[in-house]
Amino acid sequence: MTFDRPRCAVTAAGFCAFLDLYAPQAVLPQLAETFHISPAAAGTTVGVSTLAVAISAPCVGILSDRIGHKPTVVAAALLLTIPTVMLMLAGSFNEILVWRFLQGLFLPAIFSCTVAYISEEWSPAEAADIMGLYVAGTALGGFSGRFVTALMADAFGWRAGFGVLTLFSLTCAAMVWGWLPAARHKPKALAAAPAGVGAVIDHLRNPALLATFVAGFAVLFSMVATFTYVNFHLSLPPFSLSTPQLGMIFLVYPIGAVVSTRSGAIIRRLGRRRAMMLAVATSCAGLLTTLSPDLTLVLAGLALYVIGVFLAQSAAMGYVGQAARHAKSTALGLYVCFYYIGGSVGAVVPGWLWLHAGWLGCVALILATMSASALLTWHAWKPAKVVCPAE
C-alpha cells in the first residue's frame with residue numbers, strides 16, 4: 001500500500017485540532033480537589049475553550065482567504081503551543097481559564113480550514129472518505145489529549161501532561177507543513193462586509209443548513225457532557241476509579257476512529273438521513289448502557305456511544321458543503337460556531353443536573369438533545385441531495 005502523505009497530513013490536522021481541547025477532562029476531579037471548586041466549576045475549563053472557539057470561528061475564513069488554508073493551519077498549530085506551555089505555569093484556577101480561552105481561539109483555524117481544504121481539493125466522492133480520515137484523527141487526538149494528561153498526572157502531576165501535548169502539536173504542524181500539498185484552488189477575493197452578512201443571513205434561512213448547524217451543536221454538546229461528567233460518575237462508588245484509570249476510559253476513542261474511516265461508505269450506502277438516524281440510535285443505546293452499575297457494561301456503552309457520535313459528526317459536517325448554495329467557507333464557519341457553542345453548553349449546563357440528579361439526569365438531557373437534532377435533520381435534509389455522488 002502506497003504511503004499517502006496528503007491523507008496522513010489531514011489526519012494529523014484532525015489529531016491536533018482535538019488534542020488540547022478536551023485534555024483537562026481526565027483530571028477534572030483532581031483540579032476540583034486542588035483548587036477547591038465544584039464539579040460544575042471544574043467543567044468550565046472545557047467550556048471556556050469551546051466558547052473561545054465559537055467566538056473566533058466566524059473570523060477564520062477571512063484570515064484563510066488572505067494567506068491560504070495550509071499556512072493558516074500550520075500557524076495556528078504553532079501558536080497553540082504558547083498557551084499550552086503557560087498552563088504548566090498557572091498558579092490559580094483563573095489563570096487556567098485564561099490560557100484555556102486562548103487555546104480555544106486558535107483551534108478553529110485548524111478545524112474549519114482543514115474541512116474547507118478537503119471540500120475544495122478532493123471530489124465529492126473522495127471527500128467523504130477523506131472527511132472520515134479527518135474525523136478519525138479528531139478521535140485519536142481527543143483520546144490522546146485525555147489519556148496523556150491522565151497518565152502524566154499520576155506520575156508527575158497534572159501540569160506535566162501539557163508539556164507532552166506541546167510536543168505533539170509541534171509534530172502535527174511539521175507534518176501538515178511538509179506533507180499537505182499547496183492548494184490547487186486559490187482563495188477567492190474577499191467579499192464586501194454587507195455581502196458577508198447577507199451570506200450569513202441566507203445560510204440561517206436555509207432549513208437544511210440550519211438543521212445541520214443544530215446537529216453540530218448536538219454532537220459536541222453530547223460529547224463534552226458525556227466525557228466531562230462520566231469522570232465524576234466513575235470516580236464515585238461503586239467504581240471509585242483513580243485518575244490514571246479515568247484516563248483509560250478514553251481508550252474507547254480509537255474505536256470511533258476506526259469506524260470514522262468507514263463513515264463515507266456507510267453514508268453512501270444508507271444516505272445521509274438514515275446514517276444520521278443510525279448514528280443517534282447507536283449513541284443513545286450506548287448512553288443507556290452506561291447507567292449499569294457494572295464497569296464493563298459502562299465501558300461497552302461508552303464505546304457504542306463513540307461509534308455513533310463520530311458517524312453523526314461525519315454525516316453532519318460533510319453535508320455543509322452540499323447544502324450551502326454559495327459562500328461555503330462562511331457556512332463552514334457557522335457550523336464550527338454552532339458546534340463549539342454546543343461544547344460550551346455541554347460543559348456547564350449538565351453540571352446543574354449532576355448536582356440534583358447525578359449521572360442519570362445528565363444522560364436524560366443528552367438523550368433528549370441528540371434525539372431532537374436527529375428528528376430535525378430527518379425532516380430538513382433533502383433526500384435528493386443526501387447520497388454522495390459516485391462520480
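Begin by selecting R268, which at 28% relative accessibility counts as partly exposed, and keep in mind throughout the tour that the model on your screen is a predicted one.

Now add D129 to the selection, because D129 forms a salt bridge with R268 in which the closest N and O atoms are 3.3 Å apart. If you colour the helices, you will see that this pair links distant parts of the chain, with D129 in helix 7 (residues 124–156) and R268 in helix 13 (residues 263–270), 139 residues apart. Like its partner, D129 counts as partly exposed, at 26% relative accessibility.

A search of the whole structure finds 2 salt bridges, and for the other one you can select D4 and R7, whose closest N and O atoms are 3.3 Å apart. Here D4 has a relative accessible area of 31% and is partly exposed, while R7, with 30%, is partly exposed as well.

Next, turn to the cavities, of which the structure holds 4 of 30 Å³ or more. The second largest cavity has a volume of about 50 Å³, and to see what surrounds it, select A215, A218, V219, M276, V280, A312, M370 and S373, which form its lining. The elements that give two or more residues to this lining are helix 10 (207–235), helix 14 (272–289) and helix 16 (328–380), and helix 10 gives the most, with 3 residues.

Finally, colour these lining residues by class, and you should find 7 nonpolar residues, 1 polar residue and no charged residues around the second largest cavity.

Technical notes:
Residues are numbered from 1 along each chain as its sequence is written. This is a predicted model: local features need pLDDT of at least 70, side-chain atom pairs count only at pLDDT 80 or more; totals for chains, interfaces and linings use all residues. Side-chain values use heavy atoms; hydrogens and water are left out. A salt bridge is a side-chain nitrogen of Lys or Arg within 4 Å of a carboxyl oxygen of Asp or Glu. Buried means under 20% relative accessible area, exposed over 50%, partly exposed in between (1.4 Å probe, protein chains only). Helices (H or I, at least four residues) and strands (E, at least two) are DSSP runs, numbered from the N terminus. On a 1 Å grid over the protein atoms alone, a cavity is a set of points where a 1.4 Å probe fits but cannot get out, and a pocket is an open set with protein on both sides within 12 Å along at least five of seven lines; lining residues have an atom within 4 Å of a point. Grid points are joined across faces, edges and corners, and a volume is the space filled by probe spheres set on the points. Ala, Val, Leu, Ile, Met, Phe, Trp, Tyr, Cys and Pro count as nonpolar, Asp, Glu, Lys and Arg as charged, and the others, Gly among them, as polar.
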